[in-house]
Amino acid sequence: MTFRGTSLSLALAVVLASSTSSFAVTEISWWHAMSGANNEVVNTLSKEFNESQSDYKVVPVFKGTYPETLNAGIAAFRAKQAPDIIQVFDAGTGVMMAAEGAIKPVADILSMGGAKFDKSLYLPGIVAYYSKPDGTMLSFPYNSSSPILYYNKDIFKKAGIDDSNPPKTWPEVWEAAKKIKTSGAAKCGYTSAWLTWIHTENFAAWNNLPWGSNENGIGGTDVELEINAPIYVKHFQELADLAKDGTFRYGGRTSEAKQLFLSGECGIYNDSSGGLGDVIKSGMNYGTGQLPYEPEAKDAPQNTIPGGASLWVFAGKSDDQYKGVAAFFNFLSKTEIQARLHQVSGYLPVTLAAYEETKKSGFYDKNPGRETPIQQMMGKAPTENSKGVRLVNLPQVRDIQNEEFENMLSGKQTAQQALDNAVKRGNAAIKQAIGQ
Amino acid sequence: MVTAPSVILRAGLFTNGTFMASSTRVTFPNKLLPYVLLAPQLAITAIFFYWPASQAIYQSVLREDPFGLSTQFVGLDNFRRVLGDPNYLNSLQVTLIFSVATALIAMALALLLAVMADKVIRGKGIYRTLMIWPYAVAPAIAGMLWLFLFNPSMGTLAYLVRSTGYNWDPLLNGDQAMVLIVSAAAWKQISYNFLFFVAGLQSIPKSLIEAAAIDGAGETKRFWTIVFPLLAPTTFFLLVVNTVYAFFDTFGIIHAVTGGGPGKATETLVYKVYNDGFVNLILGDSAAQSVILMIIVIGLTAIQFRYVERKVHYG
Amino acid sequence: MIQNNPIGRLIAHAILIIGILIVAFPIYYTFIASTQSLQEILRPPLSLLPGGHFWENYSAALFGGVGRIGGVGVDRLLFNTLVMALGIAIGKICISILSAYAIVFFRFPGRMIFFWLIFITLMLPVEVRILPTYKIMVDLGLIDTYTGLILPLMASATATLLFRQFFMTIPGELVEAARVDGAGPWRFFKDILLPLSKTNIAALFVILFIYGWTQYLWPLLMTNRNDMSTIVIGLRKMISFADADTEWHLVMVTCILAILPPVLVVVLMQRWFVRGLVETEK
């Protein structure tokens, strides 16, 4: 019975599959990893685009978390069934760039759509992150955020710290954190999400320090990490010392520390600007500030580097499909769309016009904190230290760093040892990944 | 329908007294029929398991980028690298502790609860239902629940533990992290084991236990001399399934709860396979690791069948 | 009946209640969370008693919130999940009872090899063989089909092993007697083996239904159309840990609702767990 059932449903499946491919409009498939409120934004955008014209239809499909989406895309590509557009997280950028035959640069696609692609319209810090060394934009930045400082105004007041003036440098943060702890205003002074992204990658860019050789990997895949330089060691030793009496509390490798801040256990918190939504909804009396910098670094503050994800286009599609993708990306770049996306989702606008538009509308006066991440990225033109960080195996190198940081915070090793180990193991992993 | 055979069944049970293991089983003589019976399962297994698995194993001797754009045969290089990594030995140790603890706790608690549920008269159904439905929580969701309960930064229970003054911090304390993932993994499996123990207890004829009771055997003695041996086929089934579960099915939990940390304190072999292959996209290494892992577990299972199953008495 | 002393039974009740408290606590916790406001969930620690937002949250989820999942109605997701869960449970039981029957009650060349061939399938999780499996699914045209959702997950070593374990306990005299009576393998299977396996089938059905119901990665990878999606994917879609706000209170409600169908299956299957397969014949 099993056999008959199988072949019957197989036949049915074939009929079903063949009947779906006879549409007059060109379908553009978009695999994404947007969940929660952002998932609705994806659906709304697609719907609006589809209603705005009749040649193309964008079909967004949720494919799980970022790694799950990337795996689904790779599996589909290998089976020659790749979607047209796939959303890939920041740390996966290196993998996509290395896969030259698999992807089509977004710059090429945008010019196929008729409109000329003008890079100067886009936010420089973001474009630099998703471009080749020669400046060709490879993927379309969809959701970008950058790390900022959050603080609890009530706790600041209780500890006797000026709550309208958030700490701007790391020494100021440590001082405030100690005050919070010793005054008993809260159980812990400071916590942070994403130690790797914020305290090494952005620490490097914001203080204009090299993170690795070869322009942090943007100039070439062969990278030697440089995060055990004295200034990093000093920063991490300070964190480790504060962790001893609980002035700094470790919350986890990604954004779990947010809860320590939301629950009022910690007074100061670093996280992506995308985390603002939860902070607002929790109803706490919060303030925001720029990512702190290290005063010993002479060029600080420079600019921060984005996190988030971008949209990649697979190679080997028809011209018709590419035109559709171009039309969709042009639609996404429209000032009113970008401005709204920025205001609704908390992600950064991709275009300068959208930023100006939002500024003019008075949005930032009503929503202080929303402008900070943009200013951090706009202040200065990116240097070779601050364009971004690019490794074929960035997720793996982040894992290694996290492991070493955890062993440091639990008192098993000093900051010097932790960073030396991270560099040694990281370099070996990079060599292995690029096949040397 | 089932009249004559059931009389025979009872007769069979009692002439044997205990369910003696018969070394040569009585079978049907058909030649072709067994193959026909096996065919559906073998066909599905071959198409959807062996073919892709052989590809995955082939991957273990390749160095390949995720998109399959450049492929290079590297022989046993991947294996050499994996086995030469001092961290791999650490993973092996972590896996051993984790698997033994998980399987033992999950089975022992489930057996205790199943025996208790068998004993009570009132509320049997309610107990059973309440005990089984946690199993219905999708693994994709269970990870989130654990975070909400035990994560030191956001968990309610973690908050309660900390407020007693105990420094509960599995994010930095490796032993606590191990306790956390063992309880998460065991918790998820208790319902499963419970259900099969209940089913196993159901098929033990009450008359046997009654007979022993008449002979004056106490409750504990009855359990160990009659119930437990008769439950052995179920227990053996669960032992094998739980071992395999602890080895292969727990990376999702570890991923959600500790991410292998702190340091490498909770990095089990399968978590490494998953993290290297699925998250970090290092296909060759990951494939080599799964081959090694498969060999280990097949060996382990073979030992279970060969040595442990000897102690199992079938009817 | 065995005399069952009341104290022993009391202890049994106590142990069961403690056990249930431990085992079911996360569910209880989910329920608690589903009755709180978003603000309360976002600012831990959460109370251990139900909050006052039960009606608000549940009606929001039922009549507004959940409907938002991917432009496809929740009824469609539930239907897909049900088809998948039933297909997997029934299919698995059918093919594994047959193969276990072959392995235990017949002698034929290659018997143990086949058993091991089936058994090894436990040892390579889907995550590890995604790339090649996806290719096969595409080649067979099984992407976005119910067959694709069900068939590959039907091969189960656990179910085969369970039936093997159970069949081995069936006394040889029974087979002998059946053969003396002139019953062929088919009649033996239908009239004796199947009725005796009732409890095990029920236990397996519950486990497998839940297994199918809670699948996440497989349907996620093997369906590219939103209307082929399942409830767990829908649920997962509502949750964002990092960069977006999540309506946790509605997520918790949906969690509770998604658990209900499997619970119903457990309750319905209770009837099959009747003591004394042998005694009932008296």
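**Exercises on a predicted model**

**Exercise 1. Confidence in chain B**

Among the elements of chain B, helix α1 (residues 4-16) has the lowest mean pLDDT, 36, while helix α4 (residues 86-119) has the highest, 92. The model is predicted. Find the stretch of chain B where the pLDDT is below 50, and set it beside the chain average.

*Solution.* Step 1: the pLDDT is below 50 over residues 1-23 of chain B. Step 2: in the model this stretch has 33 contacts beyond near neighbours in sequence. Step 3: chain B as a whole averages a pLDDT of 82, and 91% of its residues score at least 70.

**Exercise 2. Val312(B)**

Decide whether Val312(B) is buried or exposed, and list its contacts outside its neighbours within four places in sequence.

*Solution.* Step 1: locate the residue; Val312(B) is in the segment after α13 (283-308) of chain B. Step 2: apply the cut-off, by which a residue with 20 or more other C-beta atoms within 10 Å is buried. Val312(B) has 20 C-beta neighbours inside 10 Å and therefore counts as buried. Step 3: with neighbours within four places left aside, Val312(B) is in contact with Ala232(B), Pro233(B) and Phe236(B). Step 4: take Ala232(B), which is 80 residues from Val312(B) in sequence, yet their C-alpha atoms are 5.4 Å apart.

**Exercise 3. A β-α-β unit in chain A**

Describe how strands β1 (residues 26-32) and β2 (residues 56-62) of chain A pair, and give the handedness of the unit they make with helix α2 (residues 37-52).

*Solution.* Step 1: β1(A) and β2(A) run parallel, paired over seven bridges. Step 2: within this pairing, Trp31(A) stands opposite Val61(A) of β2(A). Step 3: β1(A), α2(A) and β2(A) together form a right-handed unit. Step 4: β2(A) is mostly covered, with five of its seven residues buried.

**Exercise 4. Overall form of chain A**

Why is chain A described as being as compact as a globular protein of its length?

*Solution.* Step 1: count the elements; chain A has 20 helices and 11 strands. Step 2: its radius of gyration is 23 Å, close to the 22 Å from the globule rule for 436 residues, so chain A is as compact as a globular protein of that length. Step 3: 57% of the 436 residues count as buried. Step 4: of the contacts in chain A between residues at least 6 apart in sequence, 76% join residues at least 24 apart.

**Exercise 5. The contact between chains B and C**

State how many residues each chain gives to the contact, and characterise the side of chain C.

*Solution.* Step 1: chain C gives 97 residues and chain B gives 99. Step 2: on the side of chain C, helix α1 (residues 6-33) supplies the largest share, 14 residues. Step 3: this side of chain C divides into 66 nonpolar, 19 polar and 12 charged residues.

Note on methods
Residues are numbered from 1 along each chain as its sequence is written. Chains are lettered from A and ligands numbered from 1 in the order in which they are written. This is a predicted model: local features need pLDDT of at least 70, side-chain atom pairs count only at pLDDT 80 or more; totals for chains, interfaces and linings use all residues. A residue is buried if 20 or more other C-beta atoms lie within 10 Å of its own, exposed if 12 or fewer, and partly exposed in between; C-beta atoms are placed from the backbone. Helices (H or I, at least four residues) and strands (E, at least two) are DSSP runs, numbered from the N terminus. Two strands pair if DSSP finds at least two bridges between them. A crossover is right-handed if, with the strands pointing away from the viewer, the path from the first strand over the helix to the second runs clockwise. pLDDT is the predictor's confidence in each residue, from 0 to 100. Two residues are in contact if their C-beta atoms, placed from the backbone, lie within 7 Å. Ala, Val, Leu, Ile, Met, Phe, Trp, Tyr, Cys and Pro count as nonpolar, Asp, Glu, Lys and Arg as charged, and the others, Gly among them, as polar. The radius of gyration is taken over C-alpha atoms; the globule rule is 2.2 Å times the number of residues to the power 0.38.
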